[in-house]
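Please walk through the structure below with attention to how its helices pack, where its backbone departs from the usual, and what lines one of its pockets.

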Amino acid sequence: MAQQAYVTETDNGGSGPERRESGLRRLTNHLKGLSAGWRGDRRIWRRGIVLAALAVILALVMGLHAKIPNAIGNLGSLAETFLPWLGLCVPVLVLLALVRKSATALVAVLLPAIVWLNLFGGQLSDKTGSGGDLTVATHNVNADNADPAGTAKDVAASGADVVALEELTTAAVPTYEKALASTYPYHTVQGTVGLWSKYPLSGVKPVDIKLGWTRAMRAAVATPSGQVAVYVAHLPSVRVKVEAGFTARQRDKSANALGEAIADEPVRKVVLLGDLNGTMNDRALRAVTAQMRSTQGASGSGMGFSWPASFPMARIDQIMVKGVEPMSSWTLPETGSDHLPVAARVKVDTSAS
């Protein structure tokens, strides 16, 4: 009688081994049935040709993104800005291929999947290392930030030795100076960008990025491990307009000017901090990216998206280095800005490397 009660309870939804085994058996049988149905379907290779074509086009767009012309609406830069997100099309195509019962489409979807993994698969791994002798951070604080003091304290709490801030307004500068004074005894503000440091600054000067006003600067930081030239930059914004496409001409011009300034820098060890309004994939930033390494790409975990803060879709806030070794890179928690702060730990003294 006890055994009969046990069997009845199990059949009505018990959680014992019998139910788990039954569920697994049903799933196996379902997959076998699906497989048998596909094997018996003579049209699985003829259906889904359109889906297969879309998969091939997607693979070509990702793999040959550098060939997409910028002459019309800067389409190439637009595609490269959001290139990682094209990977979301892959599971959609897989699902549609399964619905259509198309073996041709399923095989074709392997192409964009492989291309995406080749481009971004390495960023899915955690490349964060230990060590380093200098921590840096950068943050576009947003000119409309309603809580500059809170934002300054949040950034200082990161433990960074050197902090760059962009989009500073004249009215907000005294608030940032007061909030950061106890942590950073050395600082300079040039136009709408500023640099706060625990170590002495020298050689401070604005950098002309062809705007007519100052949105970039350079300073030498005397770290305990040696002198480092630190550049802070806020490149012009880009816009997506129906009538003009991805408008970025001024940003591209400023990027070239910034790249020239960094190339002419006499100090061998260089760190660039700032909002470049572009990703590392964007060819328009080549004057900068060709000579420097992204700390996120070299030593970060994941994509490190920084904008917009509410739902980050792209990493346009960058930390780049030349002559120093990136050890780790990460994004900081959201502040009162529409950007996330980003930080990195680098090794200035590379003599023992």
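The paragraphs that follow take up helix packing, then two backbone features, then a pocket.

The model is predicted. Two packed helices are described by the angle between their axes and the distance between the axes. Three pairs are treated here in those terms.

Begin with helix H6, residues 103-120, which takes part in two of the contacts described here. Its axis and that of helix H5, residues 89-100, come within 9 Å and cross at roughly 175°. An angle over 145 degrees counts as roughly antiparallel, and H5 is therefore roughly antiparallel to H6. From H5, the residues in contact are Val90, Leu93, Val94, Ala97 and Leu98, and they meet Ala105, Leu106, Val109, Pro112 and Ala113 of H6. By class, this contact has ten nonpolar residues, no polar ones and no charged ones.

The other partner of H6 to consider is helix H3, residues 49-63; here the axes come within 8 Å and cross at roughly 15°. Since angles under 35 degrees count as roughly parallel, H3 and H6 are therefore described as roughly parallel to each other. Their crossing is left-handed. On the H3 side the contact is made by Ile49, Leu51, Ala52, Ala55, Val56, Leu58, Ala59, Met62 and Gly63. On the H6 side it is made by Thr104, Ala105, Ala108, Val109, Leu111, Pro112, Val115, Trp116 and Leu119. These residues divide into 16 nonpolar and two polar, with no charged residues. Ala105, Val109 and Pro112 of H6 appear in the contact with H5 and also in the contact with H3.

Further along the chain, helix H7 (residues 148-156) packs against helix H8 (residues 173-180) at an angle of about 40°, with the two axes 9 Å apart. H7 and H8 are therefore oblique to each other, and their crossing is right-handed. Pro148, Ala149, Ala152 and Ala156 of H7 meet Thr175, Tyr176, Ala179 and Leu180 of H8. Seven of the residues in this contact are nonpolar and one is polar, while none is charged.

Now turn to the backbone. Most residues other than glycine have a negative phi, and most peptide bonds are trans. Asn142 is not a glycine, yet its phi is positive, at about 75°. Asn142 sits in the loop between strand E1 (134-140) and H7. The peptide bond that joins Trp307 and Pro308 is cis, with omega at about -10°. Pro308 belongs to the loop between helix H11 (295-299) and strand E12 (317-322).

Last comes the second largest pocket, which holds about 230 Å³ of space. Its lining comprises 16 residues, and those closest to its centre are Gln123, Met280, Asn281, Met303 and Arg315. How is the lining of this pocket divided by class? Seven of the lining residues are nonpolar, eight are polar and one is charged.

Terms used. Residues are numbered from 1 along each chain as its sequence is written. This is a predicted model: local features need pLDDT of at least 70, side-chain atom pairs count only at pLDDT 80 or more; totals for chains, interfaces and linings use all residues. Side-chain values use heavy atoms; hydrogens and water are left out. Axes are lines fitted to C-alpha atoms, for helices over the stretch in contact, and angles run from 0 to 180 degrees between N-to-C directions. Helices (H or I, at least four residues) and strands (E, at least two) are DSSP runs, numbered from the N terminus. Angles under 35 degrees count as roughly parallel, over 145 as roughly antiparallel, 65 to 115 as roughly perpendicular and the rest as oblique. A crossing is left-handed if the near helix is turned anticlockwise from the far one by less than a right angle, and right-handed if clockwise. Contact means heavy atoms within 4.5 Å. Ala, Val, Leu, Ile, Met, Phe, Trp, Tyr, Cys and Pro count as nonpolar, Asp, Glu, Lys and Arg as charged, and the others, Gly among them, as polar. On a 1 Å grid over the protein atoms alone, a cavity is a set of points where a 1.4 Å probe fits but cannot get out, and a pocket is an open set with protein on both sides within 12 Å along at least five of seven lines; lining residues have an atom within 4 Å of a point. Grid points are joined across faces, edges and corners, and a volume is the space filled by probe spheres set on the points.
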